[in-house]
Amino acid sequence: MTRPSFELADIPDDVRTGRSADAIRRAFRDNLFYIQAKFPEVATRNDAYMALAFTVRDRLLDRWVRSGRTYYEQQSRTVSYLSAEFLLGPHMGNNLINLGLYETTKEAMAGLDIDLDRLLEQEEEPGLGNGGLGRLAACYLESMATLEIPSIGYGIRYEFGIFDQAIRDGWQVERTDTWLRLGNPWEIARPEITFPVKLGGHVERHIDSDGRYHVRWIASRELQGVAYDTPILGYQVGTCNLLRLWKAQAFSRFDFQAFNTGDYYGAVEDQVVSENISKVLYPNDEQLGGKRLRLEQQFFFVTCSLQDMIRISLQRSDDLDDFSSKWVVQLNDTHPAIAVAELMRLLIDEHGYDWDRAWNVTTKTMAYTNHTLLPEALETWSLGLFEAVLPRHLEIVYEINQRFLEEVRRRFPGDEPRARRMSIIGEENGRHVRMANLACVGSFAINGVAALHTELLKSDVLHDFYTLWPGKFSNKTNGVTPRRFVALSNPKLTKLVTSKIGDHWVRDFTRIREIESLADDPGFRDAWHKVKNANKLHLAEIIETQAGVRTDPTSMFDVQVKRIHEYKRQHLNVLHAVALYERLKNETSYDPPPRTIIFAGKAAPAYFMAKLIIKLIHSVSEVINNDSDIQGRLKVAFIPDYSVKVAQHIYPAADLSEQISTAGKEASGTGNMKFSMNGALTIGTLDGANVEIREEVGAENFFLFGLTTDGVRQLKSAGYRPHGYYESNGLLKAAIDRISSGGFSGGDRDLFRPLVENLLHHDPYLVLADFQAYAECQEAVSTAWQDGEHWTRMSILNSARVGKFSSDRSIRDYCRDIWKIQPVPIPGIDA
């Protein structure tokens, strides 16, 4: 980094809020001296990043404090968004976009010979999420702020987030994500906001002198949660909302008596054990200890969050009867579902409510979003573990369940199978607590996250609950923020679109539709094509640097980036790559357009088959990329350590978006939306939000293949035999045989045997059944690609027609149908 040259001078009054390039330069200089305690000659790039981050944060804080004061004075109804994950992405760039200071700051830094882009790359990304669930939560927080909706996001301040992914000899290797090692300038510690957390122990009961029945939870362990706050800024509005994350720590961080007796470990043991709760995102839960820690994590952030909400409510009210008027709690999947039982406990045990009064408050407060159709992802806890960690809550769950089943039996007399299916306590494979059922019973609203997903919830996964309470159910199709995933990620496209229709589309993404008429303008198509090529050139440089693969930016960039999972079917994509390779090697007349197949994504550390798929991708890449017979015609690349920061380079450069999950398995997907916003065409099944994307962009601008949800069900019911598809399809057989014979593993026939055997004899996600349709659809893709003008027109129409998939629209739907909440503008701010 070039060292800026300047001397310390008096800092003017606008150092904290000034919006000119000169004011930002002076503020940066001030922060470098007075916060980082560095002078330019010895300042590192991280010093410069931190100084600029504090400069930007200063410009958030006025909005933040004013927002909090406004909500306090107006006693505003507030959304409490409970989520185990918040995959925020880097803060600085997004905050500069939302402040309207990106270009000004770039100019300010250039005046000091500092490249803003290099400072943005310096930022450590908070790895507080695993994938789509956490990224959706982050999009929703940003949209709530943009729409001026009072909200608080509540979660866990994981010390170590989602692992960093390294690749060694084609295998994924997990490394600790030390995202806090250089400091986090965006958070503000709140050591005065702490709450007790009880775990384990037993329950005692007694009757007081007035004849009232009381229950007391005697815990075997107690710790506390400490609040850390991060401002969440809306786009060019006065609203700056709050993300509050909880860190676990012991009540007594150091046992002096133990230390004095020579028990040096015992002196800090309580702190070490307590801090484990907020140490790691999603500990491996194959063993009982990991399962226990996950349950403790979920309860930890839920109880801290509810106690915080009660504290805030009691600032302006003498009781909690109007708690549901002040708050609506949105449960982001089942991880926070224990909130139903915990709010009941707090109201009854801590605030003296009787059961009916507490249940009335609880069921008017909670709303539940379901995010999965996979039975194994519907969270359950064994009764023994649940009782060991949360003995009082098990009693409350039993009582909720008893009263609920009485209602079921009244409505459906004699239907005991229905009662067993709906019970919060499951009996199959050992007694267990069904958290999805608890969430359904304790919530006033239940929603899916795509039209197809919601219909499948109604007809299958939650059918019994829909039959009982049809009015609770609605669809809220997911969305993503165009500020991060277009305005920030794709500045060249943003500049082009804004030059034609103005910048109003960034705040109201439905107005992106105004570029549709430009799809027939040759000059606009040419400019669009140049933007895409520039983005591809940039990504090609990243791929060469990070993956060691040299790619041709003029080839089709065929991209599948997402969490590695069998139902997402990265192995279907790999099989097609092998089939293309076979044809290029053996069919002299076969001449498809050059294609670069790009993968990225992480596999869960304990998910062997997903990690084997990553190894297969690398093994196939190694052979294809080094075969001189097909140089320039086909490449395969895997970009390591996929993250929000990496994704911001990938989405703008993609030509083809692979959304090829088995129909009926993907709840929604949001990567499909991000690709479409940036002009990628989709090849996909009728799964999740693909259905709605196809409806919006037009069937002629979407490459559809594969079995439908009904087709999948019928095939499985009839007795699916994957080996038959292998035997009857020559191209598929050749691809699998090359893999199984060691063609991509140096002759080792055993390396990929588990994957091949699973496909041939089980194939739970119907890869082989969909292969031929997929291959034929890919031929249609190749044909379309060869007409560059037509492809560019389709690309423009994909971007123009996906205004529906902004997270702003999703939040408006929640506000209207579930939360019943209105915007609260923040006065006194020149946004």
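**Exercises on strand pairing in a predicted model**

Val79 and Ser151 in β2 stand opposite each other. The model is predicted.

**Exercise 1.** Find in which sense strands β1 and β2 pair, and over how many bridges.

*Solution.* Step one: locate the strands; β1 covers residues 78-82 and β2 covers residues 151-156. Step two: recall that strands of a sheet pair through backbone hydrogen bonds, either parallel or antiparallel. Step three: for β1 and β2 the sense is parallel, over 4 bridges.

**Exercise 2.** Place β1 and β2 in their sheet, and state which strands stand at its edges and why one side of each is left without a neighbour.

*Solution.* Step one: write the order of the open sheet of 9 strands, β5-β8-β9-β2-β1-β10-β11-β15-β16, with mixed pairing. Step two: the edges are β5 (188-199) and β16 (473-475); each has a single partner strand, so one side of each lacks a neighbour in the sheet. Step three: on average, neighbouring strands of this sheet are turned by 25° against each other, direction ignored.

**Exercise 3.** Identify the strands that β20 (residues 656-659) pairs with, and decide whether the residues on its two faces are buried or exposed.

*Solution.* Step one: β17 (residues 556-561) runs parallel to β20 and is joined to it by 2 bridges; Asp558 has Leu656 as its bridge partner in β20. Step two: β21 (residues 681-684) also runs parallel to β20, with 4 bridges, and Leu656 stands opposite Leu681 in β21. Step three: from β20 the chain passes through helix α25 (residues 671-677) to β21, a right-handed β-α-β crossover. Step four: Leu656 and Glu658 on one side of β20, and Ser657 and Gln659 on the other, are all buried, and both faces are covered.

Conventions: Residues numbered from 1 in each chain as written. Predicted model: local features only at pLDDT ≥ 70, side-chain atom pairs only at ≥ 80, totals over all residues. Heavy atoms only, no water. Pairing = 2+ DSSP bridges. Axes fitted to C-alpha atoms, helices over the stretch in contact; angles between N-to-C directions. Buried < 20%, exposed > 50% of the residue type's maximum accessible area, 1.4 Å probe, protein only. Right-handed = clockwise from strand over helix to strand, strands pointing away.
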